[in-house]
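User: Could you take me through the pockets of this protein, and then through the side-chain contacts that go with them? I work at the bench, so please spell out the cut-offs as you go.

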Amino acid sequence: MVADHYSPPLFSVAPMMDWTDHHYRTLARLISKHAWLYTEMLAAETIVYQKGNLDRFLAYSPDQHPIVLQIGGSNLDNLAKATELANAYCYDEINFNCGCPSPRVAGRGCFGVRLMLDPKFVAEAISLIAANTNVPVTVKCRIGVDDHDSYNELCDFIYKVSSLSPAKHFVIHSRKALLKGLSPAENRSIPPLKYEYFYGLLRDFPDLSFTINGGIASIDEVNGALKAGAHGVMVGRAAYNNPWHILGHVDTAIYGASSSGLTRRQVLEKYQVYGDSVLQRYGLGPSLRDIVKDLGVKTLTCTGGLLSSFFLLPFI
Ligand SMILES: Cc1cc2nc3c(=O)[nH]c(=O)nc-3n(C[C@H](O)[C@H](O)[C@H](O)COP(=O)(O)O)c2cc1C
């Protein structure tokens, strides 16, 4: 079942493996109350085979709503089971990954962006996920794969998935992926961005919702895309690398709401409290480096608690 009244978030922070973890999302939420936050992609198998330790992968602080769980996978049984197990964690939406070109993912039984070559399978997977949850199920994809990169092929994918499944919202990373020869990082910069494909989808599928993603690096660009008709804008690297400059303006400039009212110093002080509590709670769990990495610290020797380290950071 999918919720009847769904409108895509105006602004979201992209799912990013190893980056949009619980620590980063905690920091992001201190800066913006309205941005939608995505988890890192979680493989269905990871959820299914970690039954005893699900909290480690799926638990999050309630402050992090609205939050989307991104799932990847190609085994229908596991996708259904993973969705069922995730229900207890009350995510606001489930997003199905059809955009990841990593060989770690794409080589494992047609997973990630390779799925764009099989829209009927994607529709089947989405239908199964949707049958096991009450929250909306959405898709994140590229504009093409390898030589399958024409606008017509993209339309065929969107048409088949949306007509054969309940998915009505697509996040479009507006560049294609190459399955061979490029590293995942190169696949996020070398294939050119083709926003014209995104705006073509807006025009040609007026009953669907589309979020634009890829290369958007300022609040002015976010507002520009919304003014041009995008239903939502997703920002990845810029929101991670410059959290204050991007997320610090989302509530006021995108949502027309008041800001959190926290100064940068107050954000850091609150994050310090969070960091110290995590370190105390888990002992040998996350390291100090894990917790401060989202602030841009590459090497750090800390002797006086987290906060004294924060003051060295470009974030301030
Ligand atoms: C470190 C890193 C990890 C990523 N992991 C994921 C992921 O788990 N799932 C996904 O759909 N996209 C992933 N992406 C792609 C981003 O979600 C996004 O589509 C891409 O970075 C383009 O947006 P940007 O130009 O705003 O960064 C990742 C990107 C980065 C930089």
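Analyst: Happy to help; the pockets come first, then the aromatic pairs and the salt bridges. Please keep in mind that this is a predicted model, where local features need pLDDT of at least 70, side-chain atom pairs count only at pLDDT 80 or more, and totals for chains, interfaces and linings use all residues. Residues are numbered from 1 along each chain as its sequence is written, and side-chain values use heavy atoms, with hydrogens and water left out.

Let's start with the largest pocket. On a 1 Å grid over the protein atoms alone, a pocket is an open set of points where a 1.4 Å probe fits, with protein on both sides within 12 Å along at least five of seven lines, and lining residues have an atom within 4 Å of a point. The space in the largest pocket comes to about 880 Å³, a volume being what is filled by probe spheres set on the points, which are joined across faces, edges and corners. Its lining counts 27 residues, and D21, H22, D55, R56 and F57 lie nearest the centre. Helix 1, strand 2 (36-43), helix 3 (54-58) and helix 12 (264-282) each give two or more residues to this lining; helices (H or I, at least four residues) and strands (E, at least two) are DSSP runs, numbered from the N terminus. Domain 1 (11-254) and domain 2 (264-310) each supply at least three lining residues, with bounds from an automatic or database domain assignment. By class, the lining has 13 nonpolar, 6 polar and 8 charged residues. Here Ala, Val, Leu, Ile, Met, Phe, Trp, Tyr, Cys and Pro count as nonpolar, Asp, Glu, Lys and Arg as charged, and the others, Gly among them, as polar.

The second largest pocket has a volume of about 660 Å³. P15, M16, M17, K140 and R188 are the closest to its centre among the 31 residues that line it. Helix 5 (103-106), strand 8 (232-235) and helix 10 each contribute two or more lining residues. This lining holds 15 nonpolar, 9 polar and 7 charged residues.

Now for the aromatic rings. The count comes to 9 aromatic pairs, where rings of Phe, Tyr and Trp (its six-membered ring) pair if their centres lie within 6.5 Å, with planes under 30 degrees apart stacked, over 60 edge-to-face and the rest tilted. One of them is the tilted pair of Y24 and Y240, 5.3 Å centre to centre with 35 degrees between the planes. Y24 sits in helix 1 (residues 22-31) and Y240 in helix 10 (residues 237-241), so this pair links parts of the chain 216 residues apart. Both tyrosines are buried, meaning under 20% relative accessible area, while exposed means over 50% and partly exposed in between (1.4 Å probe, protein chains only).

Finally, the salt bridges: there are 4 in the whole structure, each a side-chain nitrogen of Lys or Arg within 4 Å of a carboxyl oxygen of Asp or Glu. In one of them, D149 and K176 meet at 2.9 Å, N to O. D149 lies in the loop between strand 5 (137-141) and helix 7 (151-164) and K176 in the loop between strand 6 (169-173) and helix 8 (195-204), so the pair ties together parts 27 residues apart in sequence. D149 is partly exposed at 25% relative accessibility, whereas K176 is buried at 17%.
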